[in-house]
Amino acid sequence: MPGQPWPVLGSTALTLAVAASAGLVAALATFRAADQPPRRAAALVGVPVAIASLALWWVARYSAAYPFPDYGSLHVLAGWLALAFVVLAAQVGLAAYAFARWRLVAGPVAAFAAVTATWYYFLRIGGETDVLWLWAALAAPVLLAATALTVGIEYGARRAAGQVEA
């Protein structure tokens, strides 16, 4: 049977609590950035969340003395890190943009869900493979699509009701 990842913090409940707290901070940051122009709000929320999340990925592995996986070369690792950074910033940035521009409630909700899921994944180490490339290749596109879908559905519904303008 393949090895299963284990929580760095010692328990699944504590891991989920920390991940949900990070998600709550991201959602609150989305609210806080709403007084900024939409693109600035996206950058003000998306970039720090991406940096903090990738720092968490590194700290979790370093603090647990878990060997970093062999990506083949530092260039390949840099590519996965860059992809993860862009997708993380896009997930939360899209949510912040939607809230700052149209006050869509789906924005902070999507930011909470995406950050919580990401931090939960990143706080678990071990198993058969490293979570970074697996997250970037599989989970990240799903989370980004879910963020876009929830924001898009609310935008469409509110636009049909005449509550938002293009």
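Here are some notes on the helix packing and a few individual residues in this predicted model.

1. Let's start with the annotation, since it frames the rest. The UniProt record, an unreviewed entry, gives "transmembrane region" for residues 6-29, 41-60, 72-97, 104-122 and 134-153. Two of these spans can be set against the model. Residues 134-153 come out as 100% helix and 0% strand, with 28 Å between the end C-alpha atoms. For residues 72-97 the figures are 92% helix and 0% strand, and there the end C-alpha atoms lie 37 Å apart.

2. Next, α1 against α4. Two packed helices are described by the angle between their axes and the distance between the axes. Here α1 (residues 12-32) and α4 (residues 106-122) have axes that come within 7 Å and cross at roughly 145°. The crossing is right-handed. On the α1 side the contact takes in T12, T15, L16, A19, A20, A22, G23, L24, A26, A27, T30 and F31, and these meet P108, A111, F112, V115, T116, W119 and Y120 of α4. Sorted by class, that contact has 14 nonpolar and five polar residues, and no charged ones.

3. T15 deserves a look of its own within that contact. This threonine sits in helix α1, and with a relative accessible area of 0% T15 is buried. Setting aside neighbours within four places in sequence, T15 touches P7, L9, Y120, L123 and R124. One of these, Y120, is also among the α4 residues listed for the α1 contact.

4. Now for α4 against α5. These two pack at an angle of about 165°, with their axes 9 Å apart. That angle is over 145, so α4 counts as roughly antiparallel to α5. The crossing is right-handed here too. From α4, the residues involved are A106, G107, A110, A114, A117, T118, Y121 and F122; from α5, they are V131, L132, W135, A139, L143, T147, T150, V151 and E154. By class, the α4 and α5 contact has twelve nonpolar, four polar and one charged residues.

5. Which residues does A114 contact, leaving aside its neighbours within four places in sequence? They are Q91, L143 and T147. L143 and T147 also appear on the α5 side of the contact with α4. A114 itself belongs to helix α4 and is buried, at 2% relative accessible area. Another way to place A114 is by its distance to V142: the two are 28 residues apart along the chain, and their C-alpha atoms are separated by 9.6 Å.

6. Is E154 buried or exposed? It is found in helix α5 (residues 131-160), and its relative accessible area of 16% makes E154 buried, because the cut-off is under 20%. Once neighbours within four places in sequence are left out, E154 is in contact with L104, V105 and A106. A106 is also one of the α4 residues in the packing against α5.

7. A backbone point: R103 has a phi near 55°, a positive value in a residue other than glycine. Most residues other than glycine have a negative phi. I'd pull this one up in the viewer. R103 lies in the loop between α3 (74-102) and α4, and at 40% relative accessible area R103 is partly exposed.

8. Finally, two positions in α2. G46 is found in helix α2 and is buried, with a relative accessible area of 0%. Not counting neighbours within four places in sequence, G46 contacts A89, V92 and G93. Between G46 and R101 there are 15 Å in space, C-alpha to C-alpha, for a separation of 55 residues in sequence. R39 is also placed in helix α2 (residues 38-63), but R39 counts as exposed, at 70% relative accessibility. R39 and T118 are 79 residues apart in sequence, and their C-alpha atoms are 23 Å apart. T118 is one of the α4 residues that meet α5.

Note on methods
Residues are numbered from 1 along each chain as its sequence is written. This is a predicted model: local features need pLDDT of at least 70, side-chain atom pairs count only at pLDDT 80 or more; totals for chains, interfaces and linings use all residues. Side-chain values use heavy atoms; hydrogens and water are left out. Axes are lines fitted to C-alpha atoms, for helices over the stretch in contact, and angles run from 0 to 180 degrees between N-to-C directions. Helices (H or I, at least four residues) and strands (E, at least two) are DSSP runs, numbered from the N terminus. A crossing is left-handed if the near helix is turned anticlockwise from the far one by less than a right angle, and right-handed if clockwise. Contact means heavy atoms within 4.5 Å. Ala, Val, Leu, Ile, Met, Phe, Trp, Tyr, Cys and Pro count as nonpolar, Asp, Glu, Lys and Arg as charged, and the others, Gly among them, as polar. Buried means under 20% relative accessible area, exposed over 50%, partly exposed in between (1.4 Å probe, protein chains only). Angles under 35 degrees count as roughly parallel, over 145 as roughly antiparallel, 65 to 115 as roughly perpendicular and the rest as oblique. UniProt positions are given in the numbering used here, feature names are shortened, and annotations may be inferred rather than shown by experiment.
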